[in-house]
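Here's a quick briefing to read with the model open beside you. We'll start at the ligand and work outwards to the backbone.

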Amino acid sequence: MKLYLFDHCPFCVKAMMAVGYGELAADYVYLDNHDVTARERMVGYNAVPILEKADGGFMAESADIVALLMEQSAHSLAPAVDAERISRWQEQHKHAFWGLLFPRNVRLPLPEFASPEAIDYFTRNKSALLERSFEDALEDTPAYIAKAGQALAELDWLLPPSGRADRRLSWDDIHLFPTLRNLTMVKGLDFGPALDAYLDELSRMTRVPLYREWAC
Ligand SMILES: N[C@@H](CCC(=O)N[C@@H](CS)C(=O)NCC(=O)O)C(=O)O
């Protein structure tokens, strides 16, 4: 199996979590961020993750990919319990998260941003979404960090798998961890001990590394 992805893409992180937690073998192929044609050629539209299955067929959509991967694993995911709460939280705070993450994504040594064309493509698209330049967003880091810190404080209900009755990874983790993992690239954002422990545990269980060492 091959998984086509971007390292920073939260939907791709879901697929990586399933590969790691499921103890599956998959080759990771990092696409150039601007290479839209490569995505369209495989699945007919522009989105990663894309799974190339053992039979040579391609599959898009992260939730479908996670479900298929877990079918091939001896492990299984616990059902979602807080899906609505998590997506409401993500939607409510996405502008603060984007303001921190987009300008930093291209400053990290990620394979999808190896060329100037890839950085230009991402910068153009995401600063349009932010409605401001990456430079302006970076200057506003303290304000974004204050907002993101408040958002993180709202997750005081969150338990890591080791604190739950069945100790399994769940669909809630699949939806939430990618956002938190990406926020570890933000220097000075304090997660607090409980979320730090959640991040470490999930990273270990899924074999998805955090960004702490590159935080900027
Ligand atoms: N519904 C899709 C969404 C995937 C998605 O939005 N991927 C983004 C990256 S995070 C993408 O490939 N965008 C194309 C681009 O930026 O050119 C899924 O869950 O897999």
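In this predicted model, the shell around the ligand is made up of six nonpolar, two polar and two charged residues. The pocket that the ligand takes up is the largest one. Here's the rundown by topic.

**Who's around the ligand**
- The nonpolar part of the shell includes C9, F11, A47, V48, P49 and Y121.
- N46 and S62 are the polar pair, while R39 and E61 bring the charge.
- Several of these neighbours sit close together in the numbering, among them the run N46, A47, V48 and P49, as well as E61 and S62.

**Polar contacts and cover**
- N46 puts a polar side-chain atom 2.9 Å from a ligand oxygen.
- E61 does its part with a ligand nitrogen: a polar atom of the E61 side chain is 2.7 Å away from that nitrogen.
- S62 joins in as well, with a side-chain N or O atom 2.7 Å from an oxygen of the ligand.
- On its own, the ligand has 510 Å² of accessible area, and the protein covers 77% of that.

**The cis bond by the ligand**
- Which peptide bond should you check for cis geometry? Look at the one from V48 to P49, which is cis with omega near 10°.
- P49 belongs to the loop that links α2 (36–43) and β3 (50–52).
- Both V48 and P49 are also on the list of residues around the ligand, so it's worth viewing the bond and the ligand together.

**The annotated domain**
- UniProt, in an unreviewed entry, marks residues 3–73 as "domain: GST N-terminal".
- That span is 42% helix and 18% strand, and its end C-alpha atoms are 16 Å apart.

**A backbone angle to look at**
- E131 isn't a glycine, yet its phi is positive, near 60°.
- You'll find E131 in the loop between α5 (116–130) and α6 (134–139).

Methods. Residues numbered from 1 in each chain as written. Predicted model: local features only at pLDDT ≥ 70, side-chain atom pairs only at ≥ 80, totals over all residues. Heavy atoms only, no water. Near = heavy atom within 4 Å. Polar contact = N/O pair within 3.5 Å; in protein donor to acceptor, adjacent residues only side chain to side chain. Areas by Shrake-Rupley, 256 points an atom, 1.4 Å probe, with all protein chains shown as cover. 1 Å grid on protein atoms, 1.4 Å probe; cavity = no way out; pocket = protein on both sides within 12 Å on 5 of 7 lines; lining within 4 Å. Sits in = over half its atoms within 2 Å of the grid points. UniProt positions renumbered as here; feature names shortened; annotations may be inferred. Helix = DSSP H or I, 4+ residues; strand = E, 2+ residues; numbered from the N terminus.
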